[in-house]
Amino acid sequence: MKQEFRYRLLQYLPGARGRRYSRKYKSVLALDEFEAAISQSAGKTCIDLGANVGHYTRKMSSVAREVIAFEPDPWAIEHLRNNLGESSNVRIEQAAASTRNGIGVLWRRAQFDDDPLVHSTSSTLVKRKISPVSSDQAVEVKLVDFIQYLDGLGTGCEIGVIKMDIEGEELDILDALLSRRDLLARIEHIFAETHERQIPDQKERVFKLKARIANVHRPRINLDWN
């Protein structure tokens, strides 16, 4: 609470410092909203896109009927399975959520091996997001068309929360999802992190996306996840 109050005050500083604290404040509020959304997800399905080693997957699984966790990074998926593989209500998908099915290249930081727990969180299908990258660290991963995947869950599957932290791929998925009102009607909350600061050419797309979601009342879409 003290940190939240501090960020709330410091966001009014001029220039870049104020903008940085504004992002931090919105991130804290997003996490509070996420916790509240999870508490309302009993009997529903929750989906964790970019589960990494399962911190938020575990939070979801404590309440939801079922959690589906997507994670493409081979290092992270091993730890995710170790952490949650015995949970009867968690389904783990070793794949990257995308707008197509197939095979893609997952790019990792050149210093990945120095601290995989930290660096696996920035592994991405969007090569220009991270620098420096290393071809030696790149791995091929399975891609799953997430819109098609949601269709396959069936119309009776009510989704409480989708958490989307997929390092630059979220815009394509959100754009596709916003064109499917039938799918949106089955989802209550979406929390997504956008990456326009790391991928500057996405700034205009994020601006347009925010304009689109301003008129969307279901699901509640929060783009301040961090």
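In the predicted model, S123 has a relative accessibility of 9% and therefore counts as buried, the cut-off being under 20%. This serine is placed in the loop that runs between helix α5 (116-119) and strand β6 (139-145). Leaving aside residues up to four places away in sequence, S123 touches D73, L106, W107, R108, F112 and E167. With D73 there is also a polar contact, in which the two side chains come to 3.0 Å.

D73 has a further role at the N-terminal end of helix α4, which this residue caps. A side-chain oxygen of D73 lies 2.9 Å from the backbone nitrogen of W75. Helix α4 itself comprises residues 74-84, and its buried residues are A76, I77, L80 and L84. Viewed down the helix axis, these buried residues fall within an arc of 100°, so they line one face of α4. The regular geometry of such helices is relevant here: an α-helix has 3.6 residues a turn, so residues three or four places apart point the same way. The elements that cover the buried residues of α4 include helix α3 (55-61) and the strands β2 (66-70) and β3 (90-93).

Two of the residues that S123 touches, R108 and F112, are also related to each other: the charged end of R108 sits over the ring of F112, 4.0 Å from its centre. A comparable arrangement involves W107, another contact of S123. Here K127 lies over the face of W107, at 4.4 Å from the ring centre.

Aromatic rings were examined next. The count of aromatic pairs comes to seven. In one of them, Y56 and W225 meet edge-to-face, with 4.9 Å from centre to centre and 75° between the planes. This pair links distant parts of the chain, since Y56 belongs to helix α3 whereas W225 lies in the segment after β9 (220-222), 169 residues apart. Y56, at 21% relative accessibility, counts as partly exposed because buried residues must be under 20%. W225, by contrast, is buried, with a relative accessible area of 5%.

F70 and Y149 form an edge-to-face pair as well, at 5.0 Å centre to centre and with 75° between the planes. Distant parts of the chain are again linked: F70 is in strand β2 and Y149 in helix α6 (residues 146-153), 79 residues apart. Both F70 and Y149 are buried. Beyond individual pairs, Y56 and W225 belong with F34 and F191 to one aromatic cluster.

Terms used
Residues numbered from 1 in each chain as written. Predicted model: local features only at pLDDT ≥ 70, side-chain atom pairs only at ≥ 80, totals over all residues. Heavy atoms only, no water. Helix = DSSP H or I, 4+ residues; strand = E, 2+ residues; numbered from the N terminus. Buried < 20%, exposed > 50% of the residue type's maximum accessible area, 1.4 Å probe, protein only. Polar contact = N/O pair within 3.5 Å; in protein donor to acceptor, adjacent residues only side chain to side chain. Contact = heavy atoms within 4.5 Å. Arc of directions from axis to C-beta. Phe/Tyr/Trp six-rings, centres within 6.5 Å; stacked < 30°, edge-to-face > 60°. Lys NZ or Arg CZ within 6 Å of the ring centre and 35° of its normal.
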